Amino acid sequence: MADDRGVSNGTGTPDLTAVADHQAAVAALLQPTPVLVEPLAECLGRALAEDLVAPISLPPFDNSAMDGYAVRSVDLVDAGPDQPVKLPVLEDVPAGRVDVPPLQPGTAHRIMTGAQMPPGADAVIPVERTDRGTDHVQAFSSVQPGQHVRRAGEDVAAGATVLTAGTTLAPSQLGVAAAVGAAQLPVHRPVRVLVLSTGSELIEPGTPLQPGQIYESNGLMLSAAVREAGGEATLLRFVPDDVDAFHRALAPHLESTDLLITSGGVSAGAYEVVKDALTGNGVEFTKVAMQPGMPQGCGRYRGGPAVVTLPGNPVSSMVSFEVFVRPALRAAAGHRTTQRPVRRAALAEPLTAPAGKRQYRRGRFDPATGTVSLQGAPGSHLLAGLAKANCLLEIPEDVTELAAGSTVDVMLLD
Ligand SMILES: Nc1nc2c(c(=O)[nH]1)N[C@H]1C(S)=C(S)[C@@H](COP(=O)(O)OP(=O)(O)OC[C@H]3O[C@@H](n4cnc5c(N)ncnc54)[C@H](O)[C@@H]3O)O[C@H]1N2
Ligand code: MOO
């Protein structure tokens, strides 16, 4: 089947759409999502919409790095294991105490980790290097000026940018935001995705399998992939192979959906409900120069939500999600990092690939040796191989054979 986008893909197979062209078509469908100010606890996995400038320094004040005694280092220059220096202990300084009197020469303050350094003290001797005295303390070693003191601003200076717009907020980014006092952050709203599985042969896992039936797996897998990519997923399973039922199932969700992802029902069979329902309703179907994942479609359902139709074979649908949907979804939700990391790896075994199509084989990349081993055959129904894989090998369109030891690009999945 030719299509009007399938004119030039550089593969010598002009009836197929180039992978890059379909990627661009899908990406163009999604608008950037709005920015919302959300409590920090709601921001995990979201993309920061504006730079975060620290209003305070971190640490905010000089403080002790150890439980011990705040001292003047000059007072302990002669201290050693056999000649302890004895100092009177005048104050006890737990973390949080603010009324700490200055340290007088020849004295010590007992101090806890995180407590504010008293004015006049320039070092802390850890409790392990003393006799742990409370009225007086004997120090068994000297300390360097500044030793065991955490200086104000040595982590973050007030006014510094601690996080830049487009950062994906993982636990440590939320940690630094909280540490500089942010209670909420401007973040992009996730893309709201409706995942639809169709097929009369599909039944829900957990129910007994009748002859001719299979357990539905794409819906769960694609919804999980959407969430893992930072999107919001609603799963609508088992729309029967019936065009009217398809439209009825969609109707209540249209207002709250940015992107509809379907799987199945798009190839050349007599009962292709997705294709039948979406043709003439804003979606174009094509064949992409790719294996697995050849039958694809995209557009806007009746001028409303973006639509991407993925092929039903489970590996095809997941690989297609990785290649077409995930980057577009992350870009629309404001993430700077939209692509999976790609490494060069040496093939542990030879392979062959179809001419004129970009092939995505499933593999396990071993970072220690820089090698990649294939997981399962190329068939797009071989889900167990995908489940063992940690990467996709990207075999270019013009490559039909590779010897063991050849280098290939691998897209890391975890
Ligand atoms: N004559 C042709 N036949 C096929 C072509 C073609 O070009 N000409 N393309 C083949 C390729 S390539 C693929 S990929 C598939 C795509 O088919 P559909 O997208 O129409 O998907 P279905 O026919 O509905 O299903 C294919 C396969 O996947 C299973 N499936 C579907 N949905 C699910 C689900 N939610 N969970 C688990 N498994 C699912 C379904 O049972 C079928 O086995 O078409 C080839 N045929
Ligand atoms: O596109 Mo199909 O994915 O080759 O099985």
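In the residue classes used here, Ala, Val, Leu, Ile, Met, Phe, Trp, Tyr, Cys and Pro are nonpolar, Asp, Glu, Lys and Arg are charged, and the others, Gly among them, are polar. By these classes, the shell around ligand 2 holds four nonpolar and five polar residues, with no charged residue. The model is a predicted one.

The residues that make up the surroundings of ligand 2 are Gln291, Pro292, Gly293, Met294, Pro295, Pro311, Asn313, Ser316 and Ser380. Pro311 is also among the closest residues to ligand 1, together with Asn218, Gly264, Ser267 and Gly312. In total, 26 residues surround ligand 1. Sorted by class, they are nine nonpolar, 14 polar and three charged. Two helices, α3 (218-228) and α6 (314-332), each contribute at least two residues to this shell.

The protein is divided into four parts: domain 1 (19-34 + 190-332), domain 2 (36-58 + 154-188), domain 3 (63-150) and domain 4 (342-412). Between the C-alpha centres of domain 1 and domain 2 the distance is 34 Å. Four residues of domain 1 and five residues of domain 2 take part in the contact between them. On the domain 1 side, the touching residues are two nonpolar and two polar, and no charged residue is present.

Next comes an open sheet. Six strands form it in the order β15-β12-β16-β20-β19-β17, and the pairing is mixed. At its edges are β15 (232-239) and β17 (283-287), each of which pairs on one side only. On average, neighbouring strands are turned by 15° against each other, direction ignored. Strand β17 runs antiparallel to β19 (residues 295-300), and five bridges join the two. Within this pair, Glu284 is opposite Cys298 of β19. Helix α6 packs on the sheet, where α6 touches β16 (259-263), β19 and β20 (306-310). The direction of α6 makes about 140° with that of β20. The same helix, α6, supplies residues to the shell around ligand 1.

A further set of pairings involves strand β27 (residues 407-412). Strand β21 (residues 342-347) runs antiparallel to β27 and is joined to β27 by five bridges. Here Arg343 has Val410 as its bridge partner in β27. Strand β27 also pairs with β25 (residues 391-395), again in the antiparallel sense, over four bridges. In that second pairing, Leu392 stands opposite Met411 of β27. As a general point, side chains in a regular strand alternate between the two faces of the sheet.

Terms used. Residues numbered from 1 in each chain as written. Chains lettered and ligands numbered in written order. Predicted model: local features only at pLDDT ≥ 70, side-chain atom pairs only at ≥ 80, totals over all residues. Pairing = 2+ DSSP bridges. Near = placed C-beta within 6 Å. Domains from an automatic or database assignment. Contact = placed C-beta atoms within 7 Å. Axes fitted to C-alpha atoms, helices over the stretch in contact; angles between N-to-C directions.
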